[in-house]
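Biologist: Before we begin, I should like the reasoning behind each structural term to be set out in full.

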Amino acid sequence: MFCSVRSETDEDGQLVARTQRGDRNAFDALVEKYQKKIFNLAYRYVGDAEEANDLAQEIFTAAYQNLKKFRGDSKFSTWLFQIATNRGKNRFKYLKRRGYFVNKGMGENDDERDSQQRSIPDVSTNPETLLAGKQIQKIVQDAINELDPDHKEIVILRDIEGMSYEEIAQVLHLPEGTTKSRLHRARMVVKEKLKRVLS
Amino acid sequence: MNECERICNFFGELLDGQLDPQTEKSVRDHLSQCTGCREDLKWLGITVQSLTGLEKLAPPPDFVAQVRLRISSSPPNNAIFQFFRNVFSASPYMPLPVGVSALALIAVLGLVFYNHVPSLNATTGLTSARQPASHTQGALSSGVNGVTVAQRQSDNRFPDHSQARSFLPSPSTAVGLQRPYAMSAPRSHTQSSDVKNRLFPTRADVIGADNLTVESPSVQNAVNSLKKMLPGMEGRLIDEKSREDMHEIVIGILIPSSSYGRLTKELINHGAVEAGAGADIVPPKRADTEGNHVVLHVRFVSRR
């Protein structure tokens, strides 16, 4: 495992070095490698595929334009995710100020919420099956949308992107203990929202 | 914090399998006895599972090409935008307003400093007063005879600083005076100083043309000195009124607007005060602007 991690870092390092020397194909390779992770991160920030596509392109563009400042003090992926979380947070705030998320289900009235609850079977019988449903996906995404930016980013990095506490601490410049406690609070907020809808 | 709240804080690590054996045992012991905590753990598990189970979307097939195109078509000012961002920050994503605010603050502080530090305005005046032989340095076009005469005469009048003092009240008794008054020959100002005066209003500009009073032990001599400066500024005398006792003379002069700031600044530097000299003194007329020229009234009063 250690060898594979080290080789992955070396591979990124070589691509970064080539990009810094002007090799655009090297940067294309980096985009190819991280596009899915970054796109999904972007999607979880904005909840819309088209908006996520634009945000993901912005993230990679920013990474390319600032690559000369990357000195290899951290992994390239850590650095890339720092840009991604910052841009994602800003885009989320920008869209929220403009009421973007109201039309995407956050402003549901009580009638709609009641009908949604009536159509959802009892979670306790077969939660795994139910959780895979598109409706649940939307409920979860709505719950993520309602999180404040700090909670949102940590849930995305840990539970959606699957990053370790150590990696998250590096990306967010937080102590590991703070990362864990913040994640716990974020999960509790999502839990209460899910419990309200599903129970 | 009660026991349930304390145990609840460990649920996340319990689900992640990251608790040490001792802590895990104490958590599980509590769960075996607490229905509420078991329910909370169940819902937390559902939550984490729902989050980790969110579908992973695939980017468009041509995403790499789209990124390449976007990088290539980034507008030039974006690079400039990034440049200014990076000037003010060590990391590529520090908010730009911080840097812009810092730049604005520096500009404001510089303006305040420029307007309030007297030495910046006074140095050249003192220099010209102390260099009688070099009053002609960088001064005026030699093609204007009046100027040449004025220079020569001003040189004779103020061959050294001690003679200049004879026209002036002592600083301790003068009201508002800052240093011995010496009507030096007009200096040539660089275009940059004119531009600077226009961009950054001086105290003289703010005072206005109707508020200048100059105190001098010899009012007539001070007035004559000012009159001799006028040709060098492309100005002319348009009005003169004096009291019978010659203790006060008010002169009106017409000068180019571009010379107004320079002249009033020099008068200020050499002791002109802002306010009038008392209710019994007839205030001068307000200055009027005539297109590119300004009418300026200066009141010369005897030292009190």
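Modeller: The following exchange concerns a predicted model and takes up its helices and nonpolar cores.

Biologist: Why are α2(A) and α8(A) called roughly perpendicular to each other?

Modeller: The axes of α2(A) and helix α8 (residues 134-145) of chain A cross at roughly 75°. Angles of 65 to 115 degrees count as roughly perpendicular, and the two helices are therefore described in that way. Their axes come within 8 Å.

Biologist: Which residues make the contact between α2(A) and α8(A)?

Modeller: Tyr43(A), Arg44(A) and Tyr45(A) of α2(A) meet Gln137(A), Gln141(A), Ile144(A) and Asn145(A) of α8(A). Sorted by class, this contact comprises three nonpolar, three polar and one charged residues.

Biologist: How do you know that the length of helix α4 of chain B agrees with the expected span?

Modeller: Helix α4 (residues 35-52) of chain B has 18 residues, which at 1.5 Å a residue should span 26 Å. The expected span takes one less than the number of residues. The end C-alpha atoms are 26 Å apart, so the two values agree. Among the buried residues of α4(B) are Cys37(B), Leu41(B), Trp43(B) and Leu44(B).

Biologist: What makes up the largest nonpolar core?

Modeller: That core has 65 residues, and those with the most contacts inside it include Phe27(A), Ile38(A) and Phe60(A). Helix α2 (residues 24-46) of chain A gives the most to this core, with twelve residues. Apart from it lies another core of 21 residues, among them Leu212(B) and Phe300(B).

Biologist: What does Phe27(A) touch, leaving aside residues up to four places away in sequence?

Modeller: The contacts of Phe27(A) include Phe60(A) and Leu67(A), as well as Val67(B) and Ile71(B).

Technical notes. Residues numbered from 1 in each chain as written. Chains lettered and ligands numbered in written order. Predicted model: local features only at pLDDT ≥ 70, side-chain atom pairs only at ≥ 80, totals over all residues. Heavy atoms only, no water. Core = buried A, V, L, I, M, F, W, Y, C linked by side-chain atoms within 4.5 Å. Buried < 20%, exposed > 50% of the residue type's maximum accessible area, 1.4 Å probe, protein only. Helix = DSSP H or I, 4+ residues; strand = E, 2+ residues; numbered from the N terminus. Contact = heavy atoms within 4.5 Å. Axes fitted to C-alpha atoms, helices over the stretch in contact; angles between N-to-C directions. Parallel < 35°, antiparallel > 145°, perpendicular 65-115°, else oblique. Nonpolar A, V, L, I, M, F, W, Y, C, P; charged D, E, K, R; others polar.
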